[in-house]
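Here are my notes on the model, set out as numbered points. Please read them with the structure open.

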Amino acid sequence: METKRLSGSEKFAYGIGAVGKDMVYMLSASYILYYYQDIMGISAWIMGVILLIARVFDAFNDPIMGVLVAKTKTKWGKFRPWLFVGTLTNAIILYFMFAAPPSLNGGGLVAYAACFYIIWGVTYTMMDIPYWSMVPAFTDSGKERENLSALARTCAGVGSAIITIITVMAVTSIGSAMAAKTTDLATINLNDYQTTVYVTERNDAQVPTGNMVEITDGVGDITIAADQSEFDEAITFNQDNADYTITINGLELNGDNSAMNVVLDSVDSEDAAAIVYVNEEQYATLTAADEALSISGDISSTKEVERLGYKYFSLIVAVLFFVFILITCLRIKEKSSVDMKTATVKEMFTSLVQNDQAMTMVIAIVLVNTAVYITSNLLIYFFKYDLGGASWTGNYTLFNTFGGGMQIISMIIFFPLLRKFFSIMKVFYISVASAIIGYVILLVMALLGVDNVYPFFVPGFFIFAAVGMLNVIVTVFLANTVDYGELKNGRRDESVIFSMQTFVVKLASGVAALIASICLSVFHISESDSAIEAVDGSLVQGVSKMVAGFVDSVGTIVTENSVVGLRMTMTLLPILALIIAVVVFKKKYILTDEKLEEITAELKNRA
């Protein structure tokens, strides 16, 4: 095989493709649940089932795609045709996946989400398999290949970090601009309805205390501005899908210092109801004076902003993805014909059964990645519904910027530094311990009611640093099982083992998405600070019943969107998964540095 050293431009072309590829993957992995559940309104548990089925299906699709690529022969090579076609189709599907028609609902919307998400997974595999498999076709020495793979992995991390950092803020900015141009704005005034406003006191744990005062005669101008489509059916606006400023007897309330929920059964109904949640100090101020309360304010919907924001942000990401991979296709030339070894699903599982160390690592990878993905799926809900406030998007972006930076630093600096002083197995234990410590601190801070983003950098440091190192460590451990398998079974199952890594990572992603969806469904973390259930088909009656429950129970009822469940799910379940991973690893994994030296020596003697 005649090859030459890669030029700087060729390395850049390959690396920039990894940036685009992981931008797309991170956008889908981190925000598809939020988009369809929180913005489009699909039930959380239904979305969990869709994501699990799609990701498991996609995982089984990997070896099939590998076989198709291996059998391809064209004048443009074996890999680049699939890379180009896969990228083009995946970019198109990505856009449509985040551009669900607002007119869809019910079964039609579920079918739309399921179809496009499954097709997205298939087309992503179509370009992902050839991207990583084509390296031997244009590189020479093993060292050059290792360096190029390391460069690509780093670039992929950069692509993931970019999406993690900018998505929420970019969606808000783009959505605001597009909504101003495209929405058919309409306005209603609660003064035109028989409106009852319940001013309800909550304690620091966001639980109603049972103290409440009604405003009926003092309802002044409260205008609600939204897209016309949002007034077509039952109406509900709250601090999570609207910006608002409400004034009660001179006390100004907004998303930073209060919460609210406004409902109408329709714009043609006669009645409306609203709950305004205030803290104990605010409630004392409002009720101290012996005078009737009056209320006025302005509410503007942000739901259309997010919907349009994700639609056009995904279009921008899709275009960048295609351009980046196009650079890869145009600049990288396949200099040789490479026999690409592929594994069937049966071969993948047979290799695992016959290689106990690979099986151990697969279990560990599933557990570690499930822990990480549970947190990443729920993090946006934690910032939106727990920390909350009008500045939640900025805080979420700031935290993710810190976290993304820590992951990169841990891979580049922390892991090599620790590796100088400890064996890789000890670094694994240190990393897991770091993650568990971070989760414990996070849980304690959340339960104590910390509401400033900066203290959360402390648990974030421990968790994100651990995640970065674990990404490197599990890959090294999995590679070690290849040599072990060769010694034990007399064959190298390198391609099979690493195909299995893709499978288990996607499986973990699907399991975590299902767990996150169950959490959102069980604890009603969805579109409302206080999920309101209709009574006899009426949301207005539902508000009255809920408020009566607060008063009758004297605050012993935790509101349905209990953030306590969210905190527990995103901390205790990951801790449990990591502990099980350590127990399995400690009991079953035997490939220490010394053991690997023995295996290497034995393989050399056999040769």
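1. Which residue in S7 is the bridge partner of Thr 245? It is Asn 254. The coordinates behind this and every other point here come from a predicted model.

2. The pairing just mentioned belongs to a hairpin. Strands S6 (residues 242–248) and S7 (residues 251–254) are antiparallel and share 4 bridges. Between the two strands of this hairpin there are 2 residues, and Asn 249 adopts a positive phi near 50°.

3. S6 also pairs with strand S10 (residues 295–301), again in the antiparallel sense, through 7 bridges. In this pairing Ala 242 of S6 lies opposite Ser 301 of S10.

4. The side chains of S6 follow a simple pattern. Ala 242, Tyr 244, Ile 246 and Ile 248 are buried and point to one face. Asp 243, Thr 245 and Thr 247 point to the other face and are not buried. Such alternation between the two faces of the sheet is what a regular strand gives.

5. One of the buried residues of S6, Ile 246, also appears in the lining of the second largest cavity. This cavity holds about 60 Å³ of space. Besides Ile 246, the residues lining the second largest cavity include Leu 190, Val 197, Ile 222, Met 260 and Val 262. Strand S8 (259–264), strand S9 (271–279) and S10 are the elements that each contribute two or more lining residues. S9 contributes the most, with 3 residues. By class the lining has 11 nonpolar residues, no polar and no charged ones.

6. The whole structure has 4 cavities of 30 Å³ or more. The largest has a volume of about 100 Å³. Helix H1 (8–39), helix H2 (44–70) and helix H4 (106–133) each give at least two residues to its lining, and H4 provides the largest share, 4 residues. The class count for the largest cavity is 6 nonpolar, 2 polar and 3 charged residues. Among the lining residues are Arg 55, Asp 58, Trp 120 and Lys 506.

7. Ala 581 is a further position to look at. It is located in helix H15 (residues 563–588). Is Ala 581 buried or exposed? Its relative accessible area is 0%, so Ala 581 counts as buried, the cut-off being under 20%. Leaving aside residues up to four places away in sequence, Ala 581 touches Ala 364, Leu 367 and Val 368. The C-alpha atom of Ala 581 is 10.0 Å from that of Ala 371, although the two residues are 210 apart along the chain.

8. For the chain overall, there are 16 helices and 10 strands. Of its 607 residues, 54% count as buried. Among contacts with a separation of 6 or more, 83% are between residues 24 or more positions apart.

9. Confidence varies along the chain. The mean pLDDT is 82, with 85% of residues at 70 or more. Helix H3 (residues 80–97) has the highest mean, 94, and helix H8 (residues 345–354) the lowest, 66. Residues 555–561 have pLDDT below 50, and this stretch makes 24 contacts in the model beyond near neighbours in sequence. Predicted coordinates should not be read in detail where pLDDT is low.

Methods: Residues are numbered from 1 along each chain as its sequence is written. This is a predicted model: local features need pLDDT of at least 70, side-chain atom pairs count only at pLDDT 80 or more; totals for chains, interfaces and linings use all residues. Side-chain values use heavy atoms; hydrogens and water are left out. Buried means under 20% relative accessible area, exposed over 50%, partly exposed in between (1.4 Å probe, protein chains only). Two strands pair if DSSP finds at least two bridges between them. pLDDT is the predictor's confidence in each residue, from 0 to 100. Contact means heavy atoms within 4.5 Å. On a 1 Å grid over the protein atoms alone, a cavity is a set of points where a 1.4 Å probe fits but cannot get out, and a pocket is an open set with protein on both sides within 12 Å along at least five of seven lines; lining residues have an atom within 4 Å of a point. Grid points are joined across faces, edges and corners, and a volume is the space filled by probe spheres set on the points. Ala, Val, Leu, Ile, Met, Phe, Trp, Tyr, Cys and Pro count as nonpolar, Asp, Glu, Lys and Arg as charged, and the others, Gly among them, as polar.
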